[in-house]
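Student: I would like to practise reading a structure feature by feature. Could we take single residues and then the overall picture?

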Amino acid sequence: HIGDACATRLVADQRKRPALLGTAFTMEQSFYTSRLEAHDLSPIIPSESERADIHSIIFDELVHGTTTDASRQRYIDITANLAAQGADSVILGCTEIGMLLNKANSPLPPYDTALIHCEAAADMANAA
């Protein structure tokens with residue numbers, strides 16, 4: 001499960017309170033957060049209005065290959081707000097979020113779930 005692969009990386013990096021960004025479904029349903037909690041992590045979810053903005057930007061812009069400075073700044077601001085709430089990292093829980101947030105501009109260390117999942121799959125294949 002992609003959540004387990006990400007949780008394993010977070011735990012290895014001694015993270016405890018990751019912020020979770022993604023589609024509304026990813027942020028609001030338990031299928032992802034429960035995997036993090038099973039690894040003794042305490043995910044921090046954006047506020048309702050922040051979740052709405054994150055979701056809207058994903059589907060109105062990012063899935064169409066569009067990025068704007070305003071959207072990038074909104075993601076940075078949301079991440080900074082989550083840091084102020086005690087988040088120690090940020091999970092990029094949707095493949096397109098990396099179009100806006102990265103190591104250079106994120107207020108928190110970003111964890112790109114797509115990349116982490118691919119690396120875990122490669123590790124499993126190489127171990128077989």
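Student: Is A80 buried, partly exposed or exposed?

Tutor: Bear in mind that this is a predicted model. The general idea is to place the relative accessible area between two cut-offs: under 20% is buried and over 50% is exposed, with partly exposed in between. A80 has a relative accessible area of 34%, so it is partly exposed.

Student: In which element is A80 found?

Tutor: A80 belongs to helix α5, which covers residues 69–84. A distance to another residue can be added: A80 and V90 are 10 residues apart along the chain, and their C-alpha atoms are separated by 9.9 Å.

Student: How do I read the fold as a whole, and how many helices and strands are there in the protein?

Tutor: Start with the count and then the order. The protein has six helices and three strands. Read from the N terminus, the order of the elements is α-β-α-α-α-α-β-β-α. The radius of gyration is 14 Å, close to the 14 Å from the globule rule for 128 residues, so the protein is as compact as a globular protein of that length. Along the principal axes, the C-alpha atoms fill a box of roughly 45 × 30 × 30 Å.

Student: What share of the residues counts as buried, and what share of the contacts links residues 24 or more positions apart?

Tutor: Of the 128 residues, 41% count as buried. Among contacts with a separation of 6 or more, 71% are between residues 24 or more positions apart.

Student: What does the surface consist of, and how far apart are the mean positions of the charges?

Tutor: The accessible surface is about 6,500 Å², and carbon and sulfur atoms hold 51% of that. There are 9 positive and 17 negative charges, and their mean positions lie 6 Å apart.

Student: Turning to contacts, which residues does T113 touch beyond four places away in sequence?

Tutor: A contact list is read together with the burial and the place of the residue. T113 is in helix α6, residues 113–127. Its relative accessibility is 4%, so T113 counts as buried. Setting aside residues up to four places away, T113 touches I2, C6, Y32, I91, L92, G93 and C94.

Student: Why does R51 count as buried?

Tutor: The cut-off for buried is under 20%. R51 has 18% relative accessibility, and therefore counts as buried. R51 lies in helix α4 and touches M27, E28, I45 and P46, residues up to four places away not being counted.

Student: What about a loop residue: where is M99 found, and which residues is it in contact with?

Tutor: M99 is in the loop between β2 (89–92) and β3 (110–112). Its relative accessibility is 32%, so M99 counts as partly exposed. Neighbours within four places aside, M99 is in contact with L62, G65, T66, T67 and R72. M99 can also be placed against T68: the two are 31 residues apart in sequence and 10.0 Å apart in space, C-alpha to C-alpha.

Student: With which side chain does the side chain of H39 make a polar contact?

Tutor: Such a contact is read as a pair of N or O atoms within 3.5 Å. The side chain of H39 makes one with the side chain of D4, at 3.2 Å. D4 also appears in the contact list of H39, together with A7, T8 and V11, when residues up to four places away are not counted. H39 is in the loop between α3 (30–37) and α4 (48–60), and at 28% relative accessibility counts as partly exposed. The C-alpha atoms of H39 and G3 are separated by 9.8 Å, with their positions 36 residues apart along the chain.

Student: Last, backbone angles: what is the phi of Q14, and what is that of D40?

Tutor: Most residues other than glycine have a negative phi. Q14 is not a glycine, yet has a positive phi of about 60°. D40, also a residue other than glycine, has a positive phi near 60°.

Student: Where are Q14 and D40 placed?

Tutor: Q14 is in the loop between α1 (2–12) and β1 (18–21), and D40 is in the loop between α3 and α4. Q14 counts as exposed at 66% relative accessibility, and D40 counts as exposed at 68%.

Conventions
Residues are numbered from 1 along each chain as its sequence is written. This is a predicted model: local features need pLDDT of at least 70, side-chain atom pairs count only at pLDDT 80 or more; totals for chains, interfaces and linings use all residues. Side-chain values use heavy atoms; hydrogens and water are left out. Helices (H or I, at least four residues) and strands (E, at least two) are DSSP runs, numbered from the N terminus. The radius of gyration is taken over C-alpha atoms; the globule rule is 2.2 Å times the number of residues to the power 0.38. Buried means under 20% relative accessible area, exposed over 50%, partly exposed in between (1.4 Å probe, protein chains only). Contact means heavy atoms within 4.5 Å. Accessible areas come from the Shrake-Rupley method with a 1.4 Å probe; for residues, only the protein chains shown count as cover. Lys and Arg count as positive and Asp and Glu as negative; His and the chain ends are not counted. The place of a charge is taken as NZ of Lys, CZ of Arg, CG of Asp or CD of Glu. A polar contact is a pair of N or O atoms within 3.5 Å; within protein, one must be able to donate a hydrogen and the other to accept it, and residues adjacent in sequence count only if both atoms are side-chain atoms.
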